[in-house]
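Colleague: Could you take me through one part of this model closely, namely the charged pairs along the chain, and then set them in the context of the whole? I would like the cut-offs along the way, please.

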Amino acid sequence: MSLEAMETLTAVEARLQKKRADAAAGAKQAAADAKTRGEALVAEARNRAQAEIAALTRQTDETAKTAAAARAKESERECEALRAAAKAKEESAVSFVVERIVSS
């Protein structure tokens, strides 16, 4: 093999090594970029999910407050109806007790 052929072969080998190194560096950079983009997407999704959870929590709290207020109002109406029924029977109950006492 002549000196010129060996020099050409050495130059070709050097170019191939450089291309391999460049390709490895490019792949490493692409992987790092992909990881960074992936982490950013995960953070964005987490933020959106937290915002949605907060909105749903507020909505649920409002719904629960409305339902609790409606139930409290209904309970108050029921109590008032029971008071009215008791008041209506009070006079007859007093008369019954007085009659029993007087009859004894």
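Modeller: Happy to! Let me start with one pair: Arg77 forms a salt bridge with Glu74, and their closest N and O atoms are 2.7 Å apart. By salt bridge I mean a side-chain nitrogen of Lys or Arg within 4 Å of a carboxyl oxygen of Asp or Glu. Some ground rules belong here: this is a predicted model, in which local features need pLDDT of at least 70 and side-chain atom pairs count only at pLDDT 80 or more, while totals for chains, interfaces and linings use all residues. Residues are numbered from 1 along each chain as its sequence is written, and side-chain values use heavy atoms, with hydrogens and water left out.

Back to the pair. Arg77 and Glu74 are three residues apart in helix α1, so about one helical turn separates them. Helices here are DSSP runs (H or I, at least four residues), as are strands (E, at least two), numbered from the N terminus. Both partners are partly exposed: Arg77 has a relative accessible area of 48%, and Glu74 has 29%. That label covers values between buried, under 20% relative accessible area, and exposed, over 50% (1.4 Å probe, protein chains only).

Side chains of opposite charge can pair when their charged atoms come close. Further along the helix, Glu90 forms a salt bridge with Lys87, with 3.0 Å between the closest N and O atoms. Here too the partners are three residues apart in helix α1, about one helical turn. Glu90 counts as partly exposed at 40% relative accessibility, whereas Lys87 counts as exposed at 57%.

Lys18 and Asp22 give another pair, their side chains meeting in a salt bridge at 3.1 Å, N to O. These two lie four residues apart, about one turn, in helix α1, which covers residues 3-103. Asp22 is partly exposed, with a relative accessible area of 41%. There is also a network of salt bridges, which links Glu76, Glu80 and Arg83. Searching the whole structure gives seven salt bridges.

Now for the wider setting. The protein chain has one helix and zero strands, and its C-alpha trace spans about 145 × 25 × 10 Å along the principal axes. Its radius of gyration is 44 Å, against near 13 Å for a compact globule of 104 residues; the radius is taken over C-alpha atoms, and the globule rule is 2.2 Å times the number of residues to the power 0.38. As an example of the spacing, the C-alpha atoms of Gln17 and Ala54, 37 residues apart along the chain, are separated by 55 Å. Gln17 lies in helix α1 and is exposed, with a relative accessible area of 55%.

Of the 104 residues, 0% count as buried. The accessible surface comes to about 9,200 Å², with 62% belonging to carbon and sulfur atoms; areas come from the Shrake-Rupley method with a 1.4 Å probe, and for residues only the protein chains shown count as cover.

As for the charges, the chain has 18 positive and 17 negative side chains, and the centres of the two sets lie 3 Å apart. Lys and Arg count as positive, Asp and Glu as negative, without His and the chain ends; each charge is placed at NZ of Lys, CZ of Arg, CG of Asp or CD of Glu.
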